[in-house]
Amino acid sequence: RDKVFYLNLKTSCKLNSYLHDIDIRATEMYDRLVKQLKEQQGITEQLKANNMMAWVKAMNNITNQAREMVFETIISV
């Protein structure tokens, strides 16, 4: 089914616009999730200034969570 879907997009010259739309949606969702997760977990610029390693660890965790959510919601559909 997926091969037919993508072949139809490609042959109708709509594949690039479809992928562009997916990219925009994924980027917007990722940015929103990172912001929300930072707020929920109290990750602030103050933490960054006071304890850079704790901030880096927390941000790596948040970005990994956001990527996984985007992948499960948008990319792997």
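**Exercise 1. Fold and overall dimensions**

Task: State how many helices and strands the protein chain has, and decide how spread out the chain is.

Solution. Step 1: count the elements. The protein chain has four helices and zero strands. This is a predicted model. Step 2: read the order. From the N terminus, the elements run α-α-α-α. Step 3: apply the globule rule. For 77 residues it gives 11 Å, but the radius of gyration is 17 Å, well over that value, so the chain is more spread out than a compact globule. Step 4: look at the box. Along the principal axes, the C-alpha atoms fill roughly 55 × 20 × 20 Å.

**Exercise 2. Cover and contacts**

Task: Find what share of the protein chain is buried, and what share of the contacts joins residues at least 24 apart.

Solution. Step 1: burial. Of the 77 residues, 21% are buried. Step 2: surface. The protein chain exposes about 6100 Å², with 55% supplied by carbon and sulfur atoms. Step 3: contacts. Take those between residues at least 6 apart in sequence; 62% of them join residues at least 24 apart.

**Exercise 3. The nonpolar core**

Task: Identify the residues that touch the most other members of the largest nonpolar core.

Solution. Step 1: the core has 14 residues, and I43, M59 and I62 touch the most other members. Step 2: assign the core to elements. Helix 2 and helix 4 are the elements that give two or more residues. Helix 4 supplies the largest share, seven residues. Step 3: follow M59. Leaving aside neighbours within four places in sequence, M59 contacts V34, K38 and I43. Step 4: compare T63, which sits in helix 4 (residues 52-75). Not counting residues up to four places away, T63 touches Y30 and V34. V34 thus appears in the contacts of M59 and of T63. Step 5: classify T63. Its relative accessibility is 14%, and buried means under 20%, so T63 is buried.

**Exercise 4. Helix 1 and a surface patch**

Task: Determine how well helix 1 is covered, and which residues form a nonpolar patch on the surface.

Solution. Step 1: helix 1 spans residues 2-11. One of its ten residues is buried, and the helix is hardly covered. Step 2: what follows helix 1 is C13, with a positive phi near 60°. Step 3: the patch. F5, Y6 and L19 form it, with about 260 Å² of accessible area together. Step 4: place L19. It belongs to helix 2 (residues 15-41). Its relative accessible area is 42%, so L19 is partly exposed.

**Exercise 5. The salt bridge**

Task: Locate the salt bridge and explain why its partners are separated by about one helical turn.

Solution. Step 1: the structure holds one salt bridge. The side chains of E45 and K48 meet in it, at 4.0 Å from N to O. Step 2: spacing. E45 and K48 are three residues apart in helix 3 (residues 45-50), so about one helical turn separates them. An α-helix has 3.6 residues a turn, so residues three or four places apart point the same way. Step 3: exposure. E45 is exposed at 52% relative accessibility. K48 is partly exposed at 28%.

**Exercise 6. A distance along the chain**

Task: Give the C-alpha separation of D21 and Q40.

Solution. Step 1: D21 lies in helix 2. Step 2: D21 and Q40 are 19 residues apart in sequence and 28 Å apart in space, C-alpha to C-alpha. Step 3: at 44% relative accessibility, D21 is partly exposed.

Definitions and conventions
Residues numbered from 1 in each chain as written. Predicted model: local features only at pLDDT ≥ 70, side-chain atom pairs only at ≥ 80, totals over all residues. Heavy atoms only, no water. Patch = residues over 30% accessible without salt bridge, like charges linked within 9 Å, V, L, I, M, F, W, Y side chains within 5 Å. Areas by Shrake-Rupley, 256 points an atom, 1.4 Å probe, with all protein chains shown as cover. Buried < 20%, exposed > 50% of the residue type's maximum accessible area, 1.4 Å probe, protein only. Rg over C-alpha atoms; globule rule 2.2 N^0.38 Å. Contact = heavy atoms within 4.5 Å. Core = buried A, V, L, I, M, F, W, Y, C linked by side-chain atoms within 4.5 Å.
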